[in-house]
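I opened this structure to look up a few things and write them down. The entries are in the order in which I took them.

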Amino acid sequence: MTNVLESTEFTSVNLANRFVLAPMTRTSAEADGTPTHLMAQQYERYARGGFGLLITEGTYTDNQASQGYANQPGLINFEQANGWRAIVERVHAAGSRIFVQLMHAGAQFQANRFTSQPLAPSAVVPKGAPLGLYGDQKEWLTPKAMTEADIRHAIEGFRQSARLAREAGFDGIELHGANGYLLNQFLSTHFNQRDDQYGGTLANRLRLVEEVVRAVREEVGPDYPVGIRLSQGTVTDPDYQLPEGQAGFEQIVVAVRDAGADFVHTTDAEVNRQALIGGNDSLAQVVQRVPGIGLIVNGGITEQSYQEIANQYQGALLAVGKKALANPDFVQRLKDGKALDELDFAMLQPKATLANEQAWRARNDTTAAV
Ligand SMILES: Cc1cc2nc3c(=O)[nH]c(=O)nc-3n(C[C@H](O)[C@H](O)[C@H](O)COP(=O)(O)O)c2cc1C
């Protein structure tokens, strides 16, 4: 039986336990993308609450179309890197580790201070409507299909952000290849209608993901943790499936490993959802079978399910989202045998900002104030 609360080594990083704070966008940076004092307080709170590893919210990577939300943090300049350094230091002082999640919004673009033109694999809008959690935009804009030069610029953005991440003291990098953002869009047959070397077959749709992993690996050197979060579904199309199914997903995992990724972080509605055409496995089971790559699992992990999932995925880390929002001290409460709260979505209304969470906590008189 895996003891989730015992210290462990993951991609050469020592962690106090196997619990990970899942990446969660809170749109609470300054308008210019610089992390704030309130963000530092919030990340420190999760570290004090016992999470062995924190993964930051999706953080944009270039001065073109990567930013997707107003008040999203970035990692493209000295000021932003300095803001993150202060956060990293507080998290380290509280005994946790922290990876930054690097993200390009692609077609899922609601606000951007550099451009009003989203860039994506093709001129295809996402399904459904933009998320009210992050902004007031009612309809998706039509993206411009990326030229080769746009693709090079995006790769260069990830590379430069990776350098700044290392300089800011982050313990590792997670690339956001899930939930319908740019890297995920290139993998998707809905978003990617290209007929060049970046579209068509899965090998072609994988090309950008491989190039980004390779560029980041090259930039940070061989010993620095780099991984990628992967899903099939997107925020507004949670049931999308790769037509290449289980074999295709395995091809993606092998490709990112061979390009230099140390771990894959799978996310789905439930860790064990059987999601793949032509197979019975979950995304996490596919990754588990591929040798030479670490695994973080995510989706619906609770105080009831975590032990079973940990036993099933030996060696994996367990990332917790909504239960962590409701219980920033999730891990400490498990250790103390205390009851855990359910997430009240009113905490994230009308938008998922830290200020709204603070106001909710003041109204509800909870002890875990930001
Ligand atoms: C408010 C909020 C913001 C989120 N932002 C991100 C994000 O920036 N990057 C990401 O990969 N996932 C993001 N997610 C998804 C979570 O990381 C996680 O995958 C999801 O909540 C499912 O896990 P859970 O069942 O433990 O909540 C977000 C989820 C929530 C609720």
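The notes below cover confidence, helix packing, some single residues and the backbone.

**Entry 1, ground rules.** I am working with a predicted model, in which local features need pLDDT of at least 70, side-chain atom pairs count only at pLDDT 80 or more, and totals for chains, interfaces and linings use all residues. Residues are numbered from 1 along each chain as its sequence is written, and side-chain values use heavy atoms, with hydrogens and water left out.

**Entry 2, confidence.** I looked up pLDDT, the predictor's confidence in each residue from 0 to 100. The chain average is 96, and 99% of the residues score at least 70. Among the elements, strand 5 (residues 97-103) has the highest mean, 99, and helix 12 (residues 354-364) the lowest, 95. Helices (H or I, at least four residues) and strands (E, at least two) are DSSP runs numbered from the N terminus.

**Entry 3, helix 2 and helix 3.** I noted that two packed helices are described by the angle between their axes and the distance between the axes. Axes are lines fitted to C-alpha atoms, for helices over the stretch in contact, and angles run from 0 to 180 degrees between N-to-C directions. How do helix 2 (residues 78-93) and helix 3 (residues 148-168) pack? Their angle is about 40 degrees, and their axes are 9 Å apart. The two helices are therefore oblique to each other (under 35 degrees is roughly parallel, over 145 roughly antiparallel, 65 to 115 roughly perpendicular, the rest oblique). On the helix 2 side I listed Ala 81, Trp 84, Arg 85 and Val 88, which meet Leu 164, Glu 167 and Ala 168 of helix 3; contact means heavy atoms within 4.5 Å. The residues of this contact divide into five nonpolar, no polar and two charged. Ala, Val, Leu, Ile, Met, Phe, Trp, Tyr, Cys and Pro count as nonpolar, Asp, Glu, Lys and Arg as charged, and the others, Gly among them, as polar.

**Entry 4, helix 3 and helix 6.** The axes of helix 3 and helix 6 (residues 207-220) come within 9 Å and cross at roughly 35 degrees. The residues of this contact divide into nine nonpolar, no polar and seven charged. Val 216 and Val 220 are among the helix 6 residues that meet helix 3.

**Entry 5, Val 226.** I found Val 226 in strand 9 (residues 226-234). Is Val 226 buried or exposed? Val 226 is buried, at 0% relative accessible area (buried is under 20%, exposed over 50%, partly exposed in between, with a 1.4 Å probe and protein chains only). Leaving out residues up to four places away in sequence, Val 226 touches nine residues' worth of neighbours that include Val 216 and Val 220. Its C-alpha atom is 8.9 Å from that of Phe 99, 127 residues apart in sequence.

**Entry 6, Gly 74.** Gly 74 lies in the loop between strand 4 (53-60) and helix 2. Gly 74 is buried, with a relative accessible area of 0%. I listed Gly 33, Thr 59, Tyr 60, Gln 80 and Trp 84 as touching Gly 74, not counting residues up to four places away in sequence. Trp 84 also appears in the contact of helix 2 with helix 3.

**Entry 7, backbone.** Most residues other than glycine have a negative phi, and most peptide bonds are trans. Ser 12 is not a glycine, yet has a positive phi of about 70 degrees. Ser 12 counts as exposed, at 51% relative accessibility. Thr 27 has a positive phi of about 40 degrees and counts as buried, at 6%. A cis peptide bond joins Gln 349 and Pro 350, with omega about -10 degrees. I placed Pro 350 in the loop between helix 11 and helix 12.
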